[in-house]
Amino acid sequence: MPVNPNFLERLVLFRLNKAPAPMLDLFGAASFEAVSLALDLGLFETLADAETPLTAAALADRIDAHPDGIATLCDFLVTEGYLAASDGSYRLTGMTEKWLLTTSETNMGPWLTFWNELVFPFWERELETAVVEGEPSQSIYEWFDEEPARWETAQAGFRATASLLVDDVTDAVSVPDGNARLVDVGGGHGLYTIELCRRHPNLTATIFDLPGAVETLGDEVPAEVADRVRTRAGDYLTDDLGDGYDVALLFNVVHAHDPAENTALFERVADSLAPNGRIVLLDQWEGSGRTPVSRAGLRFVALTYLTTLDATVYTHEEVTSWLREAGFEDITRRSVGPVAGQALVEATKR
Ligand SMILES: C[S@@+](CC[C@H](N)C(=O)[O-])C[C@H]1O[C@@H](n2cnc3c(N)ncnc32)[C@H](O)[C@@H]1O
């Protein structure tokens, strides 16, 4: 968590501009490095498993590190809100317990690891190229293909963010009664499909994704739905998606493509749907960031989409016009998730 300045510090840093506010970005960058290391070392899990708060020496002993190094790291993590200290011992804060423990349903650790191990190293290579030349020299998905383990880290990260939205989203997506069929286009980790199949016993589903992504699914599909969830490897821009589906999900897919590709993809999806079939999009939409955090979040994802995918965030009007052009009608929109900016857009095949 970025350090939260007190009233006087906010006055000096932001209002009076008397001290260098960019220093806070430096603290934020250092904090991200420190948290990533803590995750790597299993520091948070070790504190969670301990029956009482631990001294730096006891913690260092359990994770095989140097006591002075652990003390310095932990003292910094205290100032950043990840740990609390009393009487020379450290314990987790509620924030860390909720967002960074593997036992938590809202564990964002894999998302931070994804950024630490893949996205920021990719930014190092491509941010300047993307800004100066207008596009990166390759997409992050092409780069994942060079080393298949990258796909596993990526899908674990996507899955972590999906876990924050899965209840909201599966509440909102309606599935026809009877034997319904769904395709999850770019479905990756499959969390949304798995949860929808759990809730709808007559639903069968196909997760369509690139070969590298499909291979990582492996044991992720729980036994209770495994006989109703299939995978199909291919490129959704060119390969056969199958046909006769009642519902098609395109979650976090639209932002990766230019307008012509999106319109063509919607047309391909329309062809794969049964009459009156529905397409459901989930994405971040331009114009939806109205508070400082959601505005920064939207501009942050726009910069990373440019750098990693040569892509961007689109407006609701843009996506609506592509859907109409591709043969969809009755377009509705519904916000989902704890942070403003993400919404489901749903439409019916004419
Ligand atoms: C940002 S992830 C979203 C995963 C999941 N739908 C979600 O919302 O959490 C985008 C997914 O699209 C897949 N993808 C990207 N380009 C693709 C293509 N041309 N054909 C098939 N899948 C693709 C990626 O492999 C990845 O799993």
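Trainee: How many residues line the second largest pocket, and which lie nearest its centre?

Mentor: The structure is a predicted model. In this model, 23 residues line the second largest pocket. Those nearest the centre of that pocket are E105, R159, S163, V166 and L191.

Trainee: Which helix supplies the largest share of the lining of the second largest pocket?

Mentor: Three helices, α9 (149–172), α10 (191–199) and α11 (211–217), each supply at least two residues of this lining. The largest share amounts to nine residues. The helix that supplies this share is α9.

Trainee: How many residues of each class are in the lining of the second largest pocket?

Mentor: The space in this pocket is about 550 Å³. Sorted by class, its lining holds nine nonpolar, seven polar and seven charged residues.

Trainee: How far apart are the end C-alpha atoms of residues 139–329?

Mentor: An unreviewed UniProt entry places the feature "domain: O-methyltransferase C-terminal" at residues 139–329. Over these residues, the chain is 48% helix and 20% strand. The end C-alpha atoms of this stretch are apart by 32 Å.

Trainee: Why is α2 described as oblique to α5?

Mentor: The axes of α2 (residues 22–41) and α5 (residues 67–79) come within 10 Å and cross at roughly 125°. An angle of 65 to 115 degrees would count as roughly perpendicular and one over 145 as roughly antiparallel. The crossing angle therefore makes α2, relative to α5, oblique.

Trainee: Is the crossing of α2 and α5 left-handed or right-handed?

Mentor: The two axes come within 10 Å of each other. The crossing in which α2 passes α5 is left-handed.

Methods
Residues are numbered from 1 along each chain as its sequence is written. This is a predicted model: local features need pLDDT of at least 70, side-chain atom pairs count only at pLDDT 80 or more; totals for chains, interfaces and linings use all residues. Side-chain values use heavy atoms; hydrogens and water are left out. On a 1 Å grid over the protein atoms alone, a cavity is a set of points where a 1.4 Å probe fits but cannot get out, and a pocket is an open set with protein on both sides within 12 Å along at least five of seven lines; lining residues have an atom within 4 Å of a point. Grid points are joined across faces, edges and corners, and a volume is the space filled by probe spheres set on the points. Helices (H or I, at least four residues) and strands (E, at least two) are DSSP runs, numbered from the N terminus. Ala, Val, Leu, Ile, Met, Phe, Trp, Tyr, Cys and Pro count as nonpolar, Asp, Glu, Lys and Arg as charged, and the others, Gly among them, as polar. UniProt positions are given in the numbering used here, feature names are shortened, and annotations may be inferred rather than shown by experiment. Axes are lines fitted to C-alpha atoms, for helices over the stretch in contact, and angles run from 0 to 180 degrees between N-to-C directions. Angles under 35 degrees count as roughly parallel, over 145 as roughly antiparallel, 65 to 115 as roughly perpendicular and the rest as oblique. A crossing is left-handed if the near helix is turned anticlockwise from the far one by less than a right angle, and right-handed if clockwise.
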